[in-house]
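Please look over the sequence and the model before reading on. The paragraphs below go through the sheet, then a cavity, then the cysteines.

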Amino acid sequence: MRKALIVWGGWDGHEPEQVADIFAKVLQEEQFEVEVSNTLEAFADAEKLLELDLIVPVWTMGTIEQNLVNNVSAAVQNGTGLAGCHGGTCDSFRNNVDWQFMTGGQWVAHPGNDGVNYTVEICQSSSPLVEGLEDFTVCSEQYYLHVDPAVEVLATTRFPVVEGPHSFNKAVDMPVAWTKRWGHGRVYYNSLGHHADIVAMPQVKEMMRRGLLWAAEGKVRAQSQISAVSSSYSGMADSQ
């Protein structure tokens, strides 16, 4: 069986335990062996992470030891998938730019806070992750992110919807969902999911299901191409 590790915690406002439970059920229905942990020490066993098909962080804010980030990074570089949503992945550790580089973005604002009505526009492309999906509306936080230009954008939302200092700039299409590569591993992110009821929306749940599976599928491809990387990439010494 494919193996997945879900690690939840951090700020309780994002209902991390409930979101982790949704992801666990999705993966179990796809025949994954799923381990769920509520401690970052789950990232301490570097060899164990290398054996996983998928890591799913559901951890908003807080701090993390650099060696734990290095372990996750090394695993993903070797083909372990990384997938998650909302603040549980791209607002996990604001003081760790290595994590942000790996995940592809960092939350900076949600103008209007919770309860904003906005449209998620699917980018019609050749990606199987969006095939057959249609635009939909959501009432939730609308994430404004700083985004890695290397990501492949799968869905966007239009800013501004709510007025703020950003409104004096021209209108922009902000990425909502994307993929990127980190070494030989696949990374998937979706900014939706402020609460568990948003993650459980049929459109969002299906986007996440596809993203989780896509990220995990990279492990088999990577194993046929590489031998294990002994340590994580370190090209940003000033951050460590």
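Which residue stands opposite Asn190 in β11? In this predicted model, the residue opposite Asn190 is Ala177. Strand β10 (residues 172–182) and β11 run antiparallel and are joined by 6 bridges. The two strands form a hairpin with 2 residues between them, where Gly183 has a positive phi near 65 degrees.

Strand β11 covers residues 185–190, and 6 of its 6 residues are buried. Gly185, Val187 and Tyr189 point one way from β11, while Arg186, Tyr188 and Asn190 point the other way. Residues on both sides of β11 are buried, Arg186 included. Besides β10, strand β11 pairs with β4 (residues 81–85), here in the parallel sense and over 4 bridges. Within that pairing, Val187 of β11 is the bridge partner of Leu82.

Leu82 also leads to the next strand, since in β4 it is the bridge partner of Ile55. Another such pair is Leu54 with Gly81 of β4. Strands β3 and β4 are parallel, with 2 bridges between them. Strand β3 is mostly covered, with 7 of its 7 residues buried. From β3, Leu54, Val56, Val58 and Thr60 point one way, and Ile55, Pro57 and Trp59 the other. Strand β1 (residues 2–10) pairs with β3 in the parallel sense over 7 bridges, and Trp8 stands opposite Val58 there.

These pairings belong to one arrangement. The strands form an open sheet of 9 with mixed pairing, in the order β2-β1-β3-β4-β11-β10-β9-β6-β7. At the edges are β2 (32–37) and β7 (136–140); each has a single partner strand, so one side of each has no neighbour in the sheet. On average, neighbouring strands of the sheet are turned by 20 degrees against each other, direction ignored.

Next come the enclosed spaces. Rolling a probe the size of a water molecule over the atoms shows where empty space is left. The structure holds 3 cavities of 30 Å³ or more, and the second largest contains about 70 Å³ of space. Which elements each supply at least two residues of the lining of this second largest cavity? They are α1 (16–29), β3 (54–60) and α4 (86–90). Val58, Trp59 and Thr60 are among the lining residues, as are Cys85, His86, Gly87 and Gly88. The lining also includes Gly9, His14, Pro16, Val19 and Gly193. By class, the lining has 5 nonpolar and 7 polar residues, and no charged ones. Val58 and Trp59 point opposite ways from β3, yet both line this cavity.

Cys85 brings in the last topic. How many disulfides does a search of the whole structure find? The search finds 0. The closest cysteine sulfur to that of Cys90 is in Cys85, and because the two are 10.0 Å apart, they are too far from each other for a bond. Cys123 is in no disulfide either, as its nearest cysteine sulfur, that of Cys90, is 16 Å away. Are Cys90 and Cys123 buried or partly exposed? Cys90 counts as buried because its relative accessibility is 1%, and buried means under 20%. Cys123 has 22% relative accessibility and therefore counts as partly exposed.

Methods
Residues are numbered from 1 along each chain as its sequence is written. This is a predicted model: local features need pLDDT of at least 70, side-chain atom pairs count only at pLDDT 80 or more; totals for chains, interfaces and linings use all residues. Side-chain values use heavy atoms; hydrogens and water are left out. On a 1 Å grid over the protein atoms alone, a cavity is a set of points where a 1.4 Å probe fits but cannot get out, and a pocket is an open set with protein on both sides within 12 Å along at least five of seven lines; lining residues have an atom within 4 Å of a point. Grid points are joined across faces, edges and corners, and a volume is the space filled by probe spheres set on the points. Ala, Val, Leu, Ile, Met, Phe, Trp, Tyr, Cys and Pro count as nonpolar, Asp, Glu, Lys and Arg as charged, and the others, Gly among them, as polar. Buried means under 20% relative accessible area, exposed over 50%, partly exposed in between (1.4 Å probe, protein chains only). Two strands pair if DSSP finds at least two bridges between them. A disulfide is a pair of cysteine sulfur atoms within 2.5 Å. Axes are lines fitted to C-alpha atoms, for helices over the stretch in contact, and angles run from 0 to 180 degrees between N-to-C directions.
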